[in-house]
Amino acid sequence: MATVVRAHLWIGGKVQGVYFRAATREAAQRQGVAGWVRNLPDGRVEAVFEGPPAAVERLVGWCRQGPPAAVVEGVRVEYEPPEGLAHFEVLRS
């Protein structure tokens, strides 16, 4: 069985209203990673990625820059036990 990891991220900066959630979903789908992304009331974006370690780490790295209009000022990452997510979705705030 392939190894699966789960990364839980909180991304701060100019990350709302800049296509961050949709771009994250597209990046996750390209990497074959499951999870979700949503806006938080405090202006940050929260995301969870589950998948092969290398693919999850590529997405964590991508979130440190984000889409072209974003200005990422900080990313907090916590690793948690995987929950067995099957697809990637954008959640409502």
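**View 1. Asparagine 39 is a buried residue, with a relative accessible area of 12%.** Buried here means under 20% relative accessible area, exposed means over 50%, and partly exposed is anything in between (1.4 Å probe, protein chains only). What you're looking at is a predicted model, where local features need pLDDT of at least 70 and side-chain atom pairs count only at pLDDT 80 or more, while totals for chains, interfaces and linings use all residues. Residues are numbered from 1 along each chain as its sequence is written, and side-chain values use heavy atoms, with hydrogens and water left out. Asparagine 39 sits in strand 2. Strands (E, at least two residues) and helices (H or I, at least four) are DSSP runs, counted from the N terminus.

**View 2. Arg21 and Asn39 share the UniProt annotation "active site", taken from an unreviewed entry.** The two span 19 residues in sequence, yet no two of their C-alpha atoms are more than 7.7 Å apart, so they gather at one spot. UniProt positions follow the numbering used here, feature names are shortened, and annotations may be inferred rather than shown by experiment. Arginine 21 belongs to helix 1. With 27% relative accessibility, arginine 21 counts as partly exposed, whereas asparagine 39 is buried.

**View 3. Histidine 8 has polar side-chain links to glutamate 46 and to glutamate 80.** Look for histidine 8 in strand 1; at 10% relative accessibility, this residue counts as buried. Its side chain makes a polar contact of 2.6 Å with the side chain of glutamate 46, and another of 2.9 Å with that of glutamate 80. A polar contact is a pair of N or O atoms within 3.5 Å; within protein, one must be able to donate a hydrogen and the other to accept it, and residues adjacent in sequence count only if both atoms are side-chain atoms. Leaving out residues up to four places away in sequence, histidine 8 also touches a set of residues that includes Trp36, Ala47, Val48, Arg76 and Val77. Touching, or contact, means heavy atoms within 4.5 Å.

**View 4. Glutamate 46 has polar contacts with histidine 8 and arginine 38.** Switch the focus to strand 3, where glutamate 46 lies. Glutamate 46 is buried, with just 5% relative accessible area. The contact with the arginine 38 side chain comes in at 2.7 Å, next to the 2.6 Å one with histidine 8. Not counting residues up to four places away in sequence, the residues touched by glutamate 46 include Leu9, Trp10, Val37 and Leu40.

**View 5. Five strands make an open sheet with mixed pairing, in the order 4-1-3-2-5.** Two strands pair if DSSP finds at least two bridges between them. At the edges sit strand 4 (71–80) and strand 5 (88–90), each pairing on one side only. From one strand to the next, the twist averages 15°. Strand 1 (residues 5–14) runs antiparallel to strand 3 (residues 45–51), and seven bridges join the pair. One to pick out: arginine 6 has glutamate 50 in strand 3 as its bridge partner. Strands of a sheet pair through backbone hydrogen bonds, either parallel or antiparallel.

**View 6. Helix 1 (residues 20–31) lies across the five strands, strand 2 (34–39) among them.** Helix 1 runs at about 175° to strand 5. Axes are lines fitted to C-alpha atoms, for helices over the stretch in contact, and angles run from 0 to 180 degrees between N-to-C directions.

**View 7. Tryptophan 62 is found in helix 2 (residues 53–63).** At 23% relative accessibility, tryptophan 62 counts as partly exposed. Leaving aside neighbours within four places in sequence, tryptophan 62 contacts Phe20, Ala23, Thr24, Ala27 and Pro67. Isoleucine 11 is 51 residues away along the chain, and its C-alpha atom is separated from that of tryptophan 62 by 11 Å.

**View 8. Zooming back out, the chain reads β-α-β-β-α-β-β along the sequence.** The chain's radius of gyration is 12 Å, close to the 12 Å that the globule rule gives for 93 residues, so the chain is as compact as a globular protein of that length. That radius is taken over C-alpha atoms, and the globule rule is 2.2 Å times the number of residues to the power 0.38. Buried residues make up 43% of the 93. An unreviewed UniProt entry puts the feature "domain: Acylphosphatase-like" at residues 6–92, a span that is 26% helix and 40% strand.
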